[in-house]
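Student: I am new to this structure and would be grateful for a close look at one part of it. Please take the salt bridges as the topic.

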Amino acid sequence: MTTDDTEADACATAGDCEREPGPSDSLRTFGAVVQALREHAGLSRVEFGMCVSFSKHTVESVELGRRMPDGAFVERAEEALGNTGALRRAARHLTRVHPGLAAWFRQWARLERMAVSLSTYECRLVPGLLQTEGYARAVFSNAIPLLTDEQMESQVASRLERQQMLGERVTVPFSFIVEESVFRSRLGGTAVMREQLDSVLWSLSARHVTLQVMPTDTEAHACLDGPLRLIETADGRRFAYSEGQQNGRLISDANEARLLQLRYDTLRSQALNPQESRSLVERLRGAL
């Protein structure tokens, strides 16, 4: 990872990694155009959402420049708003930014986009790539110190943007191991968790997404040191990422990454298999 290592060194020298980028002007401009065309057509956000098969909340997030619209949104919006070609042309100039990503996480987020496999162990929360918008909002609303409304929207938008990998990279295997206690929690309330468990189960319908649950009554556990993320690149290199209070660490040392991969592989053998895990999540969903 010569390029990324060099970039990391440069960031450390210049202090750039400590500064969050500003929100994307192109996203805000695109959203304003969508809103203007929608209002000109006499459609409410609910009505427009029905036209484009997206929720009112998604429409609102796009119009306010908080969310990168995917191709389906752009095409359906064009058809619903007169097929002028304005939205298609404007979409070509949209820039992907991640103002809501912590400085220490941005390099890992770039590596994720190049990975040929991704593995995640989580013991605190539903993994970010699987979180619903409601669950993500509950997570960020618990931040201390409290986030401003602008910071909250930035965090949520970045998380939703990052999640698009699951739909875009259907030949890349995504493996998740999550503690049972995470799915038993009521973070955000019963309605939020009900929606979250439904979303997890829906994600498992994709062949490239695998979930295993680590049961609470386990007598052996290979990852007691905390959450862990692992990726493999096309050239066979492995990287890991660990996160704690107010910090995160990208691990590029081959020996350390190999050790963490061994721990993850061992944990997979200790967790419930995918079928058992799905059944457990379905039972927990049914109990809500």
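Student: To begin with one residue, does Arg124 count as buried, partly exposed or exposed, and what is its relative accessibility?

Tutor: Arg124 counts as partly exposed, at 39% relative accessibility; this value, like those that follow, is computed from a predicted model. The side chain of Arg124 meets that of Glu122 in a salt bridge, with N and O 2.8 Å apart. Glu122 has a relative accessibility of 4% and therefore counts as buried, because the cut-off for that class is under 20%. The pair thus joins a buried residue, Glu122, to a partly exposed one, Arg124.

A further salt bridge links the side chains of Arg137 and Glu153, at 2.9 Å from N to O. Arg137 belongs to helix H8 (residues 133-141) and Glu153 to helix H9 (residues 149-168), so this pair ties together parts that are 16 residues apart in sequence. With a relative accessible area of 25%, Arg137 is partly exposed.

Glu63 and Arg38 also form a salt bridge, and their closest N and O atoms are 2.5 Å apart. Since Glu63 sits in helix H4 (residues 56-63) and Arg38 in helix H2 (residues 25-40), the bridge ties together parts that are 25 residues apart in sequence. Both of these residues, Glu63 and Arg38, are buried. They also take part in a network of salt bridges that links Arg38, Glu39, Arg45, Glu60 and Glu63. The structure as a whole holds 17 salt bridges. In general, side chains of opposite charge can pair when their charged atoms come close.

How values were computed. Residues are numbered from 1 along each chain as its sequence is written. This is a predicted model: local features need pLDDT of at least 70, side-chain atom pairs count only at pLDDT 80 or more; totals for chains, interfaces and linings use all residues. Side-chain values use heavy atoms; hydrogens and water are left out. A salt bridge is a side-chain nitrogen of Lys or Arg within 4 Å of a carboxyl oxygen of Asp or Glu. Helices (H or I, at least four residues) and strands (E, at least two) are DSSP runs, numbered from the N terminus. Buried means under 20% relative accessible area, exposed over 50%, partly exposed in between (1.4 Å probe, protein chains only).
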